[in-house]
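Ready for some practice at reading a structure? Work through the exercises below with the model open beside you, and try each task before you look at its solution.

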Amino acid sequence: MSSDNATDDDLIREATKGALDWASEKGKSLIKNLAEKIRNKDLVFIGDRDTIERAKQQRHKSEFTFFKQIITNTDSRNLFQMGLTLRSLQRDNKEAEMKNLKTKIKNKFDHNGLHFAYFVQNGLFSKYLGIVGINEYETIEQLRACPSSI
Amino acid sequence: MVELFSIKEIPIEVRIELLKELGYDSDGEFVLKNNKPHLDRYTEEPVRVDNMVILPGSTIILDDNPLSISSYFEEFGDVI
C-alpha cells in the first residue's frame, strides 16, 4: 500500500493501521525520520488529547490570567492550575483522574500544596481575594508586594 | 507548524525503537536513560512506556498527566 512517494505522515497513518512493517527497511527509516523531526521540534507525540486540551483551557481562564500577574513563583502557578484542573475534572465526573491527580499533587507538593489546590478548586481563592479588599491596592505591583494578603 | 500524533497508536516495540533513536532505552515497562529509570521532569517519578509523551524542548519525555503537562506549558509556553 505504501508508495515511494509517501510522506512520513502518510507512513505513520499507514503504520498505525498495521499496514507498515516496522522491522522493514522502510519502517526503520521512518523511525529515524521521526526521531529527526522530534529533535527539530516539528513533531510531538502526545498521549491523551483531553489532558493537553484541559491543561490549555485552565491556562486561559480569567482566574489564572489574573493570578499569574500577582504570583511569579512557578510552583504556586502550577498549583493554581492544578486547582482549576481538579474543578474541571470534578465537573466532568472524572473521579479516577481526580484521584490520580490528587496523589501526584500530594507527592510533589505535600499536603500544603494539595490544600492550596483545593482552595482554588472550590472557588474560595477568588472569593478570598474579594474579602481581603483587592480594591485597596492601586496597582498589581502593590498587590504583588503584599503576599500576606493572598 | 508542529505536528501532533498520538503515541497510543504506536505499538510498544516501535516506541522503544524510537526511544533508542532519541538516546533513551526501555526495559519494556519504563523509559530508561543511561540504564536508569528516566524520571519525569516535574513529578520526578519514573516514566512508563505505555503512558509517555514526547514533547519539544531538547526532547522531553514526560508522564502523561495534568501536573506534568501543565508544568511543561508553564515552563515552555503554549508551544503545542
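**Exercise 1: The largest pocket**

*Task.* Find out which classes of residue line the largest pocket, and how many of each there are.

*Solution.* Sort the lining by class: you get three nonpolar, four polar and seven charged residues. Keep in mind that you're looking at a predicted model.

Next, the space: the largest pocket holds about 240 Å³. Its lining is made of 14 residues, and those closest to the centre are A:Asp48, A:Thr51, A:Glu97, B:Asp64 and B:Pro66. Now look for the elements that supply two or more lining residues: these are helix H3 (49-59) and helix H6 (95-121) of chain A.

**Exercise 2: Where the chains meet**

*Task.* Work out how many residues of chain A and chain B are in contact, and how much area the two chains bury between them.

*Solution.* Start with the head count: 40 residues of chain A touch 39 residues of chain B.

Then take the area. The two chains bury about 3,800 Å² between them, with 64% of it on carbon and sulfur atoms. On the chain A side, A:Val44, A:Phe45 and A:Lys104 lose the most area to chain B, and together they make up 18% of what that side buries.

**Exercise 3: Polar links across the interface**

*Task.* Count the salt bridges between chain A and chain B, then see which elements of chain A help to form the interface.

*Solution.* Eight salt bridges cross the interface. One to look up is B:Glu21 with A:Lys32, where the closest N and O atoms are 3.5 Å apart. That passes the cut-off, because a salt bridge needs the nitrogen and oxygen within 4 Å. There are also 19 residue pairs in polar contact across the interface, counting pairs with both residues at pLDDT 80 or more.

Now for the elements of chain A that give two or more residues to this side: helix H1 (8-16), helix H2 (25-39), strand S1 (43-46), H3, helix H5 (74-91) and H6. H2 of chain A gives the largest share, seven residues. By class, the chain A side splits into 17 nonpolar, nine polar and 14 charged residues.

**Exercise 4: A salt bridge inside chain A**

*Task.* Which residue forms a salt bridge with A:Arg54, and where in the chain do the two partners sit?

*Solution.* The total over all chains is 17 salt bridges. In this one, the partner of A:Arg54 is A:Asp92, with the closest N and O atoms 3.0 Å apart. Then place them: A:Arg54 is in helix H3 of chain A, while A:Asp92 is in the loop between H5 and H6, so the pair links parts of the chain 38 residues apart.

**Exercise 5: Positive phi**

*Task.* Where are A:Asp110 and B:Asn34 found?

*Solution.* A:Asp110 isn't a glycine, yet its phi is positive, near 70 degrees. Its place is in helix H6 of chain A. B:Asn34, also not a glycine, has a positive phi of about 55 degrees. You'll find B:Asn34 in the loop between strand S3 (31-33) and strand S4 (36-37) of chain B.

Notes:
Residues are numbered from 1 along each chain as its sequence is written. Chains are lettered from A and ligands numbered from 1 in the order in which they are written. This is a predicted model: local features need pLDDT of at least 70, side-chain atom pairs count only at pLDDT 80 or more; totals for chains, interfaces and linings use all residues. Side-chain values use heavy atoms; hydrogens and water are left out. On a 1 Å grid over the protein atoms alone, a cavity is a set of points where a 1.4 Å probe fits but cannot get out, and a pocket is an open set with protein on both sides within 12 Å along at least five of seven lines; lining residues have an atom within 4 Å of a point. Grid points are joined across faces, edges and corners, and a volume is the space filled by probe spheres set on the points. Helices (H or I, at least four residues) and strands (E, at least two) are DSSP runs, numbered from the N terminus. Ala, Val, Leu, Ile, Met, Phe, Trp, Tyr, Cys and Pro count as nonpolar, Asp, Glu, Lys and Arg as charged, and the others, Gly among them, as polar. Contact means heavy atoms within 4.5 Å. Buried area is the accessible area (1.4 Å probe) that two parts lose on being put together, summed over both. A salt bridge is a side-chain nitrogen of Lys or Arg within 4 Å of a carboxyl oxygen of Asp or Glu. A polar contact is a pair of N or O atoms within 3.5 Å; within protein, one must be able to donate a hydrogen and the other to accept it, and residues adjacent in sequence count only if both atoms are side-chain atoms.
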